[in-house]
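This report introduces one structure to a reader who has not met it before. It takes up a helix crossing and then the surroundings of a single residue.

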Amino acid sequence: MSRVAMITGASRGIGAATAGVLAERGFRVVVNHRASGRQAEEVVAGITGAGGEALAIQADVTVPGDVSAMVDEIAGRWGGVDVLVHNALIPFVVTSLADLTWEELGGKVNAELHAAYMLTKAVVPGMVSRGYGRLVYLSTGLSRRPREGMIALGTAKAALDQFVRYVALELAPRGITANLVAPATVSGTTVTGQLTSDRVRELGEAAPMGRLVTPAEVAHTIAFLASEESGFTTGHYLPVNGGIAMD
């Protein structure tokens, strides 16, 4: 039976690209969205038209009832979630510390961790019962290397990074992996849309490869971590940045 992958925030950008790549590799794909049903159905139509299996589910990943209802629906239809790709963007402000309010910083950190916590808690029991699972979370290079204006996003993702390491440690004996994918600025995404065109151009030129990473390139990294072949890779932070930062 095909593995089931649930991808949050999958109606566009990295999420949509990941849905397509995983479907090509034989996964049954859940295309989650919060308020972009038309785009999500287009992603599903593209997958099913190519012979794959996909389902769009509306759910706000910051709302407990939505998360539990989504996971229950998947369990009833396809038996459960084998792969979680948590990609959904939690809104944040682009601002300086001088202008940042606690509500903006604390709200972002709380929402980021609460969503990851709820999704993880919702899918892990089924993974434990099957002795198999892949958990993949989208982070950012900003969690390690600050950039002007990105204090809310960078701080929240740094907290997510450490949460995932603890999840990986606890679940490793159960056959479940947990990893982070950390792209640099990605072309054509909501985050990029918050930047000026000059800033986007500067970020692309700063990379050794001379351009921004594409959603498809991030999706292929996610696909490895979602695969059975990645079974001995856990607790890792994988940058996809074209060499802009080398550890």
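## The crossing of two helices

A crossing is called right-handed if the near helix is turned clockwise from the far one by less than a right angle, and left-handed if the turn is anticlockwise. In this predicted model, α1 passes α8 in a right-handed crossing. Helix α8 comprises residues 215–226, and its axis comes within 8 Å of that of α1, the two crossing at roughly 55°. Angles of 65 to 115 degrees count as roughly perpendicular and those under 35 degrees as roughly parallel; α1 and α8 are therefore oblique to each other.

On the side of α1, the contact is formed by G13, I14, A17, T18, V21 and L22. Helix α8 contributes P215, A216, V218, A219, H220, I222, A223 and A226. By character, the residues of this contact between α1 and α8 comprise 11 nonpolar and 3 polar ones, with no charged residue.

## The position of T8

The loop between β1 (4–7) and α1 (13–24) contains T8. Is T8 buried or exposed? Its relative accessibility is 0%, and because buried means under 20%, T8 counts as buried.

## Contacts of T8

Two polar atom pairs involve the side chain of T8. One is a polar contact of 2.9 Å with the side chain of H86. In the other, a polar atom of the T8 side chain lies 2.8 Å from the backbone nitrogen of N87.

Leaving aside residues up to four places away in sequence, T8 touches N32, V61, L84, V85, H86, N87, A88 and L119. H86 and N87 thus appear among the residues that T8 touches.

Terms used: Residues are numbered from 1 along each chain as its sequence is written. This is a predicted model: local features need pLDDT of at least 70, side-chain atom pairs count only at pLDDT 80 or more; totals for chains, interfaces and linings use all residues. Side-chain values use heavy atoms; hydrogens and water are left out. Helices (H or I, at least four residues) and strands (E, at least two) are DSSP runs, numbered from the N terminus. Buried means under 20% relative accessible area, exposed over 50%, partly exposed in between (1.4 Å probe, protein chains only). A polar contact is a pair of N or O atoms within 3.5 Å; within protein, one must be able to donate a hydrogen and the other to accept it, and residues adjacent in sequence count only if both atoms are side-chain atoms. Contact means heavy atoms within 4.5 Å. Axes are lines fitted to C-alpha atoms, for helices over the stretch in contact, and angles run from 0 to 180 degrees between N-to-C directions. Angles under 35 degrees count as roughly parallel, over 145 as roughly antiparallel, 65 to 115 as roughly perpendicular and the rest as oblique. Ala, Val, Leu, Ile, Met, Phe, Trp, Tyr, Cys and Pro count as nonpolar, Asp, Glu, Lys and Arg as charged, and the others, Gly among them, as polar.
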